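Reader: I would like to go through the labels used for this model and hear the reason behind each.
Author: Ask about them one at a time, with the structure in view.
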Amino acid sequence: MNTSKSVAFYERGSWYHRTKELQDNYKVKYGKVGGFKTKEEAEESYKKHNEQFIRELTANHLMIDKEVMLADYLIYWFEYVFREEQDNKNYEIGVAYVIYNFIIPLLRNNDGSANIKLKLTNTDYFNSILKELSKMTKSAGNKCREVLNLAMKDAFKDNYINNNPIENTEKYYREKPKIKILREDELRKLLKSAKSSNWYLEILLGLFCGLRKGEIMGLKFSDFDLDNQIVKINRQLVNDASMADNPEAIRVKVDKYELTEKPPKKDSYRTLRVPKVIIKAVKTRKRKKEECKELYKEFVDYDYISFQEKTGLPHIPNSFNKYLYNICPKLSISNISVHGLRHTFATILIEQGVPIIKISALLGHSNPHTTFEIYCDVMEEKERILAFMNNTFSVEEMEA
């Protein structure tokens, strides 16, 4: 038998719930609010109201309590400051992972001596913490410094500390991305095999437009101007993750993944000219869509170029990589991802002498420095890719 008392109550023709308001003198004022049609509506409203009250109470506690420990502040900052302002769920989960799987365990490790009062932190202290964190993985130093910098910026802005000590800490650079591309003979094998598969168009878009996985999967037929041979990149399809509630601050858990459309970053909006082979493949895919609409009653036309045959729903982004990881060993060629096709596209342009600033724009990078950082080794060691591309190498040959 459930004897718990409901937070909702019925009064004067509608449902009510109690309210709590934190006053300037830090005392709590109690009240009530009504007008809800059902008990469930009142309970849902109370839940949201109570969550907001706890946030305010926690924030005021931190403001009053100058003895707050660094670990406690980081948990508060992530749960009630960062998450409130963050709309990128995947980035949110990344930051949560850094805090709960790297920083907090280090601060609470052994006797907890690494966990000091927030007001006592300084550059030397964080240098020692980051040095230990950098030993965990190759990228831990860089990512932990990035997250701590965000947290300490907010701590300074909200007057918890007098300055941001992270600004003067030693920098940890992320490991340079490794470029993996296909040789000319491997590329021919892949294209010859893929031509009879359901992924031929997607491979062409990665290889000859340099599109990211999410950009390819988010493309719709309406994004193409077939007569003028152009395509507009104005969305991406991603597996958006929702993080499960983690009040214990033990480890990060993903509650669920949800397929969703998202606009790309500002610099990733672009209009590209596409080769005739892609226009031909788009027309072929469009005919296939019409056939599927006739064959399957449950097929819905969502306009995506990469669709599931029976439903019309878009493929999840990871399915493209799964195809590549499955087919490459069968063809006895280097295992390559969708991003590897993108790298191959950039390498072709570099070999053809296209200026780095133009390559940057085609790839949708925020600035040419990013492009140079990724591909400078390729630019400096062209002899490694001379066999890959030559003056007579063309799309038509590769289809042969």
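Reader: Which side chains along strand β8 point to one face and are buried, and which point to the other?
Author: The model is predicted. In strand β8 (residues 270-273), Arg 270 and Leu 272 point to one face and are buried. Thr 271 and Arg 273 point to the other face and are not buried.

Reader: What makes β5 and β8 a strand pair?
Author: Pairing requires at least two bridges between the strands. Strand β5 (residues 230-233) and β8 have four bridges, in the antiparallel sense, so they pair. Opposite Arg 270 of β8 stands Ile 233.

Reader: Why is the aromatic pair of Tyr 73 and Tyr 76 called tilted?
Author: Their centres are 6.1 Å apart and the angle between the planes is 50 degrees. The distance is within 6.5 Å and the angle is neither under 30 nor over 60 degrees, so the pair is tilted. By this rule the count comes to 13 aromatic pairs.

Reader: How do you know that Tyr 73 and Tyr 76 are separated by about one helical turn?
Author: Both lie in helix α2 (residues 70-85), and they are three residues apart, which means about one helical turn.

Reader: What makes Tyr 73 and Tyr 76 count as buried?
Author: Buried means under 20% relative accessible area. Tyr 73 has 1% and Tyr 76 has 8%, so both are buried.

Reader: Why is the pair of Phe 78 and Phe 82 called stacked?
Author: The ring centres are 5.8 Å apart and the planes are at 25 degrees. Since stacked pairs have planes under 30 degrees apart, this pair is stacked. Phe 78 and Phe 82 are four residues apart in helix α2, about one helical turn, and both are buried. They belong to one aromatic cluster with Trp 77, Tyr 91 and Tyr 100.

Reader: How do you know that Asp 154 is buried?
Author: Its relative accessibility is 12%, and the cut-off is under 20%, so Asp 154 counts as buried. Asp 154 lies in helix α5 (residues 140-157). Leaving out residues up to four places away in sequence, Asp 154 touches Tyr 73, Trp 77 and Val 81.

Reader: What places the charged end of Lys 220 over the ring of Tyr 304?
Author: The charged end is 5.0 Å from the ring centre, and the distance limit is within 6 Å. The rule also asks for a position within 35 degrees of the ring normal. Lys 32 likewise lies over the face of Tyr 16, at 5.5 Å from the ring centre.

Conventions. Residues numbered from 1 in each chain as written. Predicted model: local features only at pLDDT ≥ 70, side-chain atom pairs only at ≥ 80, totals over all residues. Heavy atoms only, no water. Phe/Tyr/Trp six-rings, centres within 6.5 Å; stacked < 30°, edge-to-face > 60°. Helix = DSSP H or I, 4+ residues; strand = E, 2+ residues; numbered from the N terminus. Buried < 20%, exposed > 50% of the residue type's maximum accessible area, 1.4 Å probe, protein only. Contact = heavy atoms within 4.5 Å.
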